[in-house]
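This report looks at charged pairs, buried positions and unusual backbone angles in one protein chain. Keep the sequence and the 3D view at hand while reading.

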Amino acid sequence: MKQYTPLAAIASIIPLVHGHGFVSSPTARMPGDAMASACGQQVKINQESDNYGNIQGELQVANGQSDYKAAACDIWLCKGYKFADNKDNVYSYKAGETVDFTVDIRAPHTGVANVSVVDTASNSVIGSPLISWSVYASTATGVTKDETDFSVTIPEDLGDQCTTAGDCVLQWYWYAESIDQTYESCVDFTVGGSGSSSSSSSNSGSSSSSSGSSSSSSAAAEVTSSSSSAAPVSYATTTFATQARVSAEPSVQVQTQTPSSVEATASSAASNVPLPTGNAQEMVDWISAIFKYLVSSN
């Protein structure tokens with residue numbers, strides 16, 4: 001086993017600080033010109049350099065930027081990544097098809113997570129989460145295989161809600177409660193519909209998706225019925241879902257349904273992606289988990 005000096009270990013951690021999680025398969029939305037037009041050039045540049053980063057970090061970059069348009073950016077939906085930049089990467093699935101996911105997590109932060117079908121027009125979950133975790137990427141245990149390699153099943157009862165490209169995404173959502181950071185990746189797809197361009201769908205896997213155990217959180221997310229004619233209903237998911245909207249005002253407090261709010265205020269450090277935040281014990285736990293990972297992998 002290799003021996004790590006403190007300096008070498010810290011040097012190994014540095015690349016992990018900026019971004020912590022993103023879906024590597026299926027191919028997820030990426031930043032582009034449409035995002036820049038809505039969210040601002042600096043936010044786009046930030047995400048092009050580090051698409052693993054969190055929404056709270058994006059908001060710090062956006063603070064004070066005159067070209068950041070909160071309503072148009074809709075940053076709590078797919079981190080502001082736009083369908084217009086990803087029209088050539090739309091998956092065509094069949095109802096009941098199994099879709100394999102691979103998530104790359106570069107540093108653990110204890111939280112909750114799920115993958116859901118999201119209606120992009122309202123940023124609301126259709127039906128129930130396809131898979132969920134009440135404890136995810138724990139600093140106590142490290143990231144487990146079932147958190148990074150898993151399958152979900154396309155619902156049978158979507159009706160005509162996801163027939164047009166851009167209307168729906170499979171959204172991986174991770175809220176790292178221990179450091180109040182939110183990570184999202186979105187996969188554009190259709191079910192028996194039409195799109196500008198379609199890539200081949202994921203290979204079917206042998207394992208099926210399942211719901212995680214009940215979360216200790218009481219947070220609720222707006223969830224729409226699978227019937228396109230049904231009105232939205234309130235649904236208490238097993239984890240946090242996706243519903244967290246931004247006001248149309250350019251410089252306002254950002255409302256979320258996570259345990260705390262993120263206030264968009266100008267700062268001299270607005271253009272920098274923040275280091276992980278939290279109390280001293282949380283930081284010690286995080287660093288300890290990284291050291292354990294470095295030692296166990298060598």
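A salt bridge is a side-chain nitrogen of Lys or Arg within 4 Å of a carboxyl oxygen of Asp or Glu. The structure shown is a predicted model. By this rule, the model holds five salt bridges. In general, side chains of opposite charge can pair when their charged atoms come close.

**Salt bridges**

The table lists three of the pairs, including the N to O distance of each.

| Acidic residue | Basic residue | N to O distance |
|---|---|---|
| Asp-188 | Arg-29 | 2.8 Å |
| Asp-33 | Lys-44 | 3.4 Å |
| Asp-149 | Lys-145 | 3.5 Å |

Asp-188 forms its salt bridge with Arg-29. This pair links distant parts of the chain, 159 residues apart: Asp-188 belongs to strand S9 (residues 181–191), while Arg-29 sits in the loop between strand S1 (21–25) and helix H2 (33–39). Both Asp-188 and Arg-29 are buried.

The side chains of Asp-33 and Lys-44 also meet in a salt bridge. Here Asp-33 lies in helix H2 and Lys-44 in helix H3 (residues 41–49), 11 residues apart. Is each partner buried or exposed? Asp-33 has a relative accessibility of 59%, and is therefore exposed, because exposed means over 50%. Lys-44 has a relative accessible area of 10%, so this residue is buried, the limit for buried being under 20%. Asp-33 and Lys-44 are also linked with Glu-48 in a network of salt bridges.

In the pair of Asp-149 and Lys-145, Asp-149 is partly exposed at 36% relative accessible area, and Lys-145 is exposed at 62% relative accessibility.

**Helix H3**

Which residues of H3 are buried? They are Val-43, Lys-44, Asn-46 and Gln-47. These residues cover an arc of only 160 degrees around the axis, so they are on the same side of H3. An α-helix has 3.6 residues a turn, so residues three or four places apart point the same way. The buried residues of H3 pack against H2 and against helix H4 (55–62).

**Strands S4 and S6**

Strand S4 (residues 111–119) pairs with S6 in the antiparallel sense, over four bridges. Within this pairing, Val-115 stands opposite Ile-131 in S6. Strand S6 (residues 131–136) is mostly covered, with five of its six residues buried.

**Gly-166 and its contacts**

Gly-166 is placed in the loop between strand S7 (149–153) and strand S8 (168–176). With a relative accessible area of 13%, Gly-166 is buried. Which residues does Gly-166 touch, leaving aside those up to four places away in sequence? They are Arg-29, Phe-83, Thr-120 and Asp-188. Two of these names, Arg-29 and Asp-188, were met above as salt-bridge partners. Gly-166 and Phe-83 are 83 residues apart in sequence, yet their C-alpha atoms are 5.8 Å apart in space.

**Backbone angles**

A cis peptide bond joins Ser-25 and Pro-26, with omega at about -5 degrees. Pro-26 is in the loop between S1 and H2.

Cys-78 is not a glycine, but has a positive phi, near 60 degrees. Its place is the loop between helix H5 (70–73) and strand S2 (90–93), and Cys-78 is buried at 2% relative accessibility. Asn-123, also not a glycine, has a positive phi of about 50 degrees. Asn-123 lies in the loop between S4 and strand S5 (124–126), and at 0% relative accessibility Asn-123 counts as buried.

Definitions and conventions
Residues numbered from 1 in each chain as written. Predicted model: local features only at pLDDT ≥ 70, side-chain atom pairs only at ≥ 80, totals over all residues. Heavy atoms only, no water. Helix = DSSP H or I, 4+ residues; strand = E, 2+ residues; numbered from the N terminus. Buried < 20%, exposed > 50% of the residue type's maximum accessible area, 1.4 Å probe, protein only. Pairing = 2+ DSSP bridges. Contact = heavy atoms within 4.5 Å. Arc of directions from axis to C-beta.
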